[in-house]
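Open your viewer and get your selection tool ready. We will go from stop to stop, with a note on what to look for at each one.

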Amino acid sequence: MSADTTTRRTDAGTTLEANEKRVAELLDRQWRLLIGGELVGSVGGRTFDVSSPCTGEVVATVPDGTKDDANRAVAAAAAAFPAWAARSAGARADAVRALADAVEARGHDLALLDTVDGGSPIAVMSADVKMAVDALRYFAGLALESKGYTVPASTGLHYTELQPYGVVAKIIPFNHPIMFAASKIAAPLVAGNTVVLKPAEATPLSALLLGEICREVLPPGVVNVVVGDGIEVPDALVRHPDVYRIGFTGSEGAGRAIQRAAAESAVKTVTLELGGKNALIAFPDADLDEVARAAVQGMNFTWSGQSCGSTSRLLLHEDIADAVVERVVRLLRDRTYHSPLDPAAVQGTMVNRTQYDRVLGYVEAARTEGARVAVGGGRPDGVDEGLFIAPTVLDGVQPDHRVANEEIFGPVISVLRWHEEDEAVALANSVRYGLTGSVFTNDIRRAHRVARALQTGFVWINAAGPHYLGVPYGGWKNSGTGKEEGLEELLSYSQVKSVNVNLAGAP
C-alpha cells in the first residue's frame, strides 16, 4: 500500500478508518446459503476460506456448496415458481422495486464486501451498487413490455403471449460481484421466473448478503443463492433437468463448457456474456488528448483491467502513434496506490494470486516476443502489500503476438500501428472475439463506416468504456450469445406461446 495513511473523506463523509471499522463488523459473523427462504450451511458442513487480495489474509469462511445443495436450491425455486408466475406483472415489478430499495439501503455494506474480497476501489464498488439498483428499477419499469401480439391469419383469433421458463440459473463472475448478482436477477424475476444464483467463489460475500436481503423482501424460494469452490455447483445447475434457462457471464472457456454440459442433459436456452479482445481505433484527425484519456478509461485500469469490455488493443494510425502513447504514459506514470478501502484509491488489485501471476506471465511473454514496455510492467515501485500491477502499456506489439490475440484480463494495453483504414478494420476483426469496439475520428462518414464494419456487438464513437441503461450489450463471435441491459434481456427470459381460436364454429 501507499505509505500515505492520512484520513481522507468523500462527499459522503466516509474515511479509510471508518471503512476498515465497518468491514470488521461485517466480517464478524457466519455466512450462509439461501435455499427456499432459509439461511443454511452446505450439506455435510463443507466450507472454504475467502482471502482478500488487498492483504492476503483470510477474511471469511463460507459454505462450500455441493451438488445436493444445488439440487435443493432448484427444488425450492421450482416449488416457488407457480405462485410467483401467477402474480401479475405489476405485482412482480413492485416486489423487484422493493428489492432495489433494500439493496440501496445496504449499499455501503455491499460495496465494502466487494472491495475486501475482490480488491477493487470502494468508490468503484459503490458505483456498482448504484448501477445494480438502477437495473432492478429499470427492469421493473419494463414489466408491461412482456407482451404478445395478434396475427390476422384467418377469420379466427391468433395471438401470442409470453410465459416464463420456470427455474433460471444465473452464474456470475468475480469482477463486479454485487452489480452482477443484483442486476442479473432482475429480468428473470420480472418475467416471472424464479432464480438460483451462483456467485464466483473468489468474491461471494456480497451475493451471500444479497441472499439475506432477498429473504426479507421476496417470497421463499423465489431467489436462492448457492456458492461452491469449484465446478460442482455450476455443473449441477447447468445439467439439472428442471433448469431450462441459463445465463452466464465469464470466460470463453467456461461458456463453451456450459454449452456442452447443458446440451448433454436437455435442449436448453443459454445466453453467454464472455470475453473480449477489444480494439480502440484512432484516426489522425482525432483529438489526441481525447484518445489518450479514452484509452485509459476504456481499459478500466481503476479495477485493474478486469473487465471483458476493456479496449485492450490500442490501434493507432502511424502518424499519431508516438504522440498518443506518450500521452497515455503520462496519464499513468505517477499513479498512487492506496488501500482499496480508502476513498482516495484510484486503482485496485488483481482478484487473486492466480490472476496476478497470469497477467505478469503475459507481460513477460510480450517482452520475449519483442514488445516494449512503455510504462508499468510489474508490481509498482514501493508497494509491498496487495496484488497490485502497475498500469502497463506494451508498444511495438505485432498482430501475431499472444498479447494481441488473447484476453489478458489485467491492466495491460497492447499498441498496434496501421496505415490504411482497411488495415485497421482488418486488425480489429482479426481476433476470435467480438464484444466491444471504439472508433475515434471527426469524419462522420468514416466513423459510421468503420463502426458498421467492426464485428462486435457494442461500439463507441469518440468514447470508450461506459454502458448506458437500456442500450443492449452483448458480443458476437466467441464473445457470447444474446443481449443484456435492455428490453432484449427481459424478453429473453420468456417463451413465446401461439394461441389459435376458431371463432366460426367450423373445424
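Start by selecting Cys308, which is buried, with a relative accessible area of 11%. Keep in mind as you go that this is a predicted model. Now add Cys214, also buried, at a relative accessible area of 2%. How many disulfides does a search of the whole structure find? The count is 0.

Next, colour helix α13, residues 353-369. Does its length agree with what its residue count predicts, or disagree? At 1.5 Å a residue, its 17 residues should span 24 Å, and the end C-alpha atoms are 24 Å apart, so the two agree. Zoom in on the N-terminal end, where Asn352 acts as a cap: one of its side-chain oxygens lies 3.3 Å from the backbone nitrogen of Thr354. Then go to the other side of the helix and pick Gly370, just after α13, which has a positive phi of about 115°.

Stay with α13 and show its side chains. The buried ones are Gln355, Tyr356, Val359, Tyr362, Val363, Ala365 and Ala366. What covers them? The cover includes the strands β13 (372-375), β14 (392-395) and β15 (412-418).

Now for the aromatic rings. Searching the whole structure gives 6 aromatic pairs. One of them joins Tyr337 and Phe388: the ring centres are 5.5 Å apart and the planes meet at 70°, which is over 60 degrees and so makes the pair edge-to-face. This pair links distant parts of the chain, with Tyr337 in the loop between α12 (321-333) and α13 and Phe388 in the loop between β13 and β14, 51 residues apart. Buried or exposed? Tyr337 counts as buried at 7% relative accessibility, and Phe388 is buried at 0%.

Select Phe458 and Trp460 for another edge-to-face pair, with centres 5.3 Å apart and planes at 75°. Both residues are buried. Add Tyr473 to the selection, and you have one aromatic cluster of Phe458, Trp460 and Tyr473.

Two stops show a charge over a ring. At Arg29, the charged end sits over the ring of Trp31, 4.0 Å from the ring centre. At Arg245, the charged end sits over the ring of Tyr493, 3.9 Å from the centre.

Finish at Gln259, in helix α10 (residues 252-265). Gln259 is partly exposed, with a relative accessible area of 38%. For a last distance, draw a line from its C-alpha atom to that of Ala187: the two are 72 residues apart along the chain and separated by 21 Å.

Note on methods
Residues numbered from 1 in each chain as written. Predicted model: local features only at pLDDT ≥ 70, side-chain atom pairs only at ≥ 80, totals over all residues. Heavy atoms only, no water. Helix = DSSP H or I, 4+ residues; strand = E, 2+ residues; numbered from the N terminus. Expected span 1.5 Å × (residues − 1). Buried < 20%, exposed > 50% of the residue type's maximum accessible area, 1.4 Å probe, protein only. Contact = heavy atoms within 4.5 Å. Polar contact = N/O pair within 3.5 Å; in protein donor to acceptor, adjacent residues only side chain to side chain. Disulfide = S-S within 2.5 Å. Phe/Tyr/Trp six-rings, centres within 6.5 Å; stacked < 30°, edge-to-face > 60°. Lys NZ or Arg CZ within 6 Å of the ring centre and 35° of its normal.
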